[in-house]
Amino acid sequence: MHNLNQVVADCKQTMDTYQIPYGATVNVRVSSRMRRTWGSCRKGRDGISTITISNRLLQEDVPLDSLRTTVFH
């Protein structure tokens, strides 16, 4: 199983390297109910963005690049 926290940290580091701004407050969660999408992002009224990732992306048989692309998106 892929380590979601490590992938998010790597994505943030890559964005910092290229000086791409991102929200200071981002929550990441895993959903076992997502079947049609790899993930989604929503910005709440409080300004906090939440990235929801399908648990299928965390499986070892799914390429790590698919998870990274979804987190970047």
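Tutor: Two strands pair if DSSP finds at least two bridges between them. Keep that in mind for this predicted model.

Student: Cys-41 stands opposite which residue in β3?
Tutor: Start with the strands. β2 and β3 run antiparallel, joined by five bridges. Across from Cys-41, the residue in β3 is Ile-51.

Student: In what order do the three strands form the open sheet?
Tutor: The pairing in this sheet is mixed. β1 and β3 pair in the parallel sense over six bridges, whereas β2 and β3 run antiparallel. The order is β1-β3-β2.

Student: Which strands stand at the edges of that sheet?
Tutor: Look for a strand with a single partner. Such a strand has one side without a neighbour in the sheet, because nothing pairs with it there. The edge strands are β1 (26-31) and β2.

Student: By how many degrees are neighbouring strands of this sheet turned against each other on average?
Tutor: Direction is ignored for this angle. The average turn is 20 degrees.

Student: Which residue of β3 does Asn-27 stand opposite?
Tutor: β1 spans 26-31, and β1 pairs with β3 in the parallel sense. The residue opposite Asn-27 is Thr-50.

Student: How many of the five residues of β2 are buried?
Tutor: Buried means under 20% relative accessible area. β2 lies largely in the open, because its count of buried residues is zero.

Student: In the hairpin of β2 and β3, which residue takes a positive phi?
Tutor: Five residues lie between the two strands. One of the hairpin's residues has phi near 90 degrees, and that is Gly-47.

Student: Is Ser-54 buried or exposed?
Tutor: Ser-54 sits in strand β3. Beyond its neighbours within four places in sequence, Ser-54 contacts Ser-31, Met-34, Thr-37 and Trp-38. Its relative accessibility is 0%, so Ser-54 counts as buried.

Student: Why are Leu-67, Thr-70 and Val-71 on the same side of α2?
Tutor: All three are buried in helix α2 (residues 64-72). An α-helix has 3.6 residues a turn, so residues three or four places apart point the same way. The three share a side of α2 because the arc they cover around the axis is only 100 degrees.

Student: Which exposed residues does the face of α2 turned away from its buried side carry?
Tutor: The buried side has cover that includes α1 (4-17), β2 (39-43) and β3 (49-54). The opposite face carries Asp-65 and Thr-69.

Student: Are α1 and α2 parallel, perpendicular or oblique to each other?
Tutor: Their axes come within 10 Å and cross at roughly 60 degrees. The contact involves residues including Val-7, Cys-11 and Met-15 of α1, and Leu-67 and Val-71 of α2. Roughly perpendicular would need 65 to 115 degrees, and roughly parallel under 35. The two helices are therefore oblique.

Student: What is the hand of the crossing in which α1 passes α2?
Tutor: Take the same pair of axes, crossing at roughly 60 degrees. The crossing is right-handed.

Student: Is Gln-19 buried or exposed?
Tutor: Gln-19 lies in the loop between α1 and β1. Its phi is positive, near 55 degrees, though the residue is not glycine. With 70% relative accessibility, Gln-19 counts as exposed.

Student: How many Å apart in space are Glu-60 and Gln-13, C-alpha to C-alpha?
Tutor: Glu-60 is in the loop between β3 and α2. Glu-60 counts as exposed, at 54% relative accessibility. Leaving aside neighbours within four places in sequence, Glu-60 contacts Met-1 and His-2. Glu-60 and Gln-13 are 47 residues apart in sequence, and their C-alpha separation is 23 Å.

Methods:
Residues numbered from 1 in each chain as written. Predicted model: local features only at pLDDT ≥ 70, side-chain atom pairs only at ≥ 80, totals over all residues. Heavy atoms only, no water. Buried < 20%, exposed > 50% of the residue type's maximum accessible area, 1.4 Å probe, protein only. Helix = DSSP H or I, 4+ residues; strand = E, 2+ residues; numbered from the N terminus. Arc of directions from axis to C-beta. Contact = heavy atoms within 4.5 Å. Axes fitted to C-alpha atoms, helices over the stretch in contact; angles between N-to-C directions. Parallel < 35°, antiparallel > 145°, perpendicular 65-115°, else oblique. Left-handed = near helix turned anticlockwise from the far one by under 90°.
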